[in-house]
2 protein chains.
Amino acid sequence: MKDNNDMPGHLARRFQQIAVAVFLAEVEDAGFDLTPVQYAALATIKANPGLDQVTLAGLIAYDRTTITGVIDRLVQKGLTERRASSRDRRARELEITDEGRKTLRAITPAVEAAQRIMLRGLTDKEANDLMRLLRKAIAAGNELSRAPLREGST
Amino acid sequence: MKDNNDMPGHLARRFQQIAVAVFLAEVEDAGFDLTPVQYAALATIKANPGLDQVTLAGLIAYDRTTITGVIDRLVQKGLTERRASSRDRRARELEITDEGRKTLRAITPAVEAAQRIMLRGLTDKEANDLMRLLRKAIAAGNELSRAPLREGST
DNA sequence: CAATATTGCTCAGTATACTGACTATCAGTA
DNA sequence: TACTGATAGTCAGTATACTGAGCAATATTG
């Protein structure tokens, strides 16, 4: 019988599991307390000042119901500000704080180290191949999850 | 600046997200209600009758605190039996029920379809390459997560 | 412009994952 | 055999993800 551990779905889960563990370990070693999800959100807020939650969710492929809690925690940590939009009173505008900017800068080496560590079993060429193939598979399946990636507004 | 969406950690998360969505959609279309995690656990219990929870967790790389809830749900659905071991009173022996066996058989086509769909953007060669590279990266990082894969007892 | 549809966000509920702690039990050893 | 350490399982707490529902506000349309 075919080994269940060899199915793409299982490999996906396992690789993600390792990636998160490596990220958290490196970031903690660097003296910070930030999850991969929080990091991506924070970096995206910095790159797109004043964006609303739905746009942010689309830019990093998070569910809109997930982003609420993520931002709650970023706000609670003092890394992000959330305020009502004046143009659309349903929306919240997000801004990174000085503290958030500082954290993002300081944490970057750990984040980059983590990316290397999670690929440490591969040669440079293999790592590039893996990322290319993942990108391709993800692009083809983008619309299949509830939280697809939505490119910048144009 | 480097796009955060292009980091291996983000690709891992995104691919896993799509894989789970595809799995759930296919299984639901087939008329079943089983998560990828529950499926893997059930299949492993069937292949290793009477195994205990820690061994099961090791075989599919789940955390031991996660497996408790997964088995709770399999038992509640009538697919698995959990009973105290006579040899070691700390341990629980797991068995698949007839209903579990029937479900596993009936669900297989949907599971296989899901694996194809999550790779649908890739050629056969690319799909094989992706899986080979994932296996290699995972093997190198196995010990980095709290729930590493533990091969069969030997 | 009134009725309708859509959108931004939140909430309640469920299912992984993990941290850390705790109980019960087992195994090894002085 | 009493002591010590390790192991099996559970529990409480936190953080993603997602389903489905709902509210408030905006957009669309007849």
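B:Thr68 puts a polar side-chain atom 2.9 Å from a phosphate oxygen of DNA strand D, a polar contact in the sense of N or O atoms paired within 3.5 Å. This is a predicted model, where local features need pLDDT of at least 70, side-chain atom pairs count only at pLDDT 80 or more, and totals for chains, interfaces and linings use all residues. Residues are numbered from 1 along each chain as its sequence is written, chains are lettered from A in the order written, and side-chain values use heavy atoms, without hydrogens or water.

**Phosphate contacts**
- On chain A, a side-chain N or O of A:Thr35 sits 2.7 Å from a phosphate oxygen of strand D.
- For A:Gln38, that kind of distance comes out at 3.0 Å.

**The surface around strand D**
- There are 27 residues around strand D, and A:Arg73, A:Arg146, B:Val54, B:Arg90 and B:Arg92 come nearest; "near" here takes a heavy atom within 4 Å.
- Sort them by class and you get 13 charged, nine polar and five nonpolar residues, with Asp, Glu, Lys and Arg counted as charged, Ala, Val, Leu, Ile, Met, Phe, Trp, Tyr, Cys and Pro as nonpolar, and the others, Gly among them, as polar.
- α4(A) chips in the largest share, five residues; helices are DSSP runs (H or I) of at least four residues, numbered from the N terminus.

**Helix packing in chain B**
- α2 (residues 36-47) and α3 (residues 53-60) of chain B pack at about 115°, axes 10 Å apart, with axes fitted to C-alpha atoms over the stretch in contact and angles running from 0 to 180 degrees between N-to-C directions.
- B:Ala40, B:Ala41, B:Thr44 and B:Ile45 of α2(B) meet B:Leu56, B:Leu59 and B:Ile60 of α3(B), contact being heavy atoms within 4.5 Å.
- That contact has six nonpolar residues, one polar and no charged ones.

Definitions and conventions: Helices (H or I, at least four residues) and strands (E, at least two) are DSSP runs, numbered from the N terminus. A polar contact is a pair of N or O atoms within 3.5 Å; within protein, one must be able to donate a hydrogen and the other to accept it, and residues adjacent in sequence count only if both atoms are side-chain atoms.
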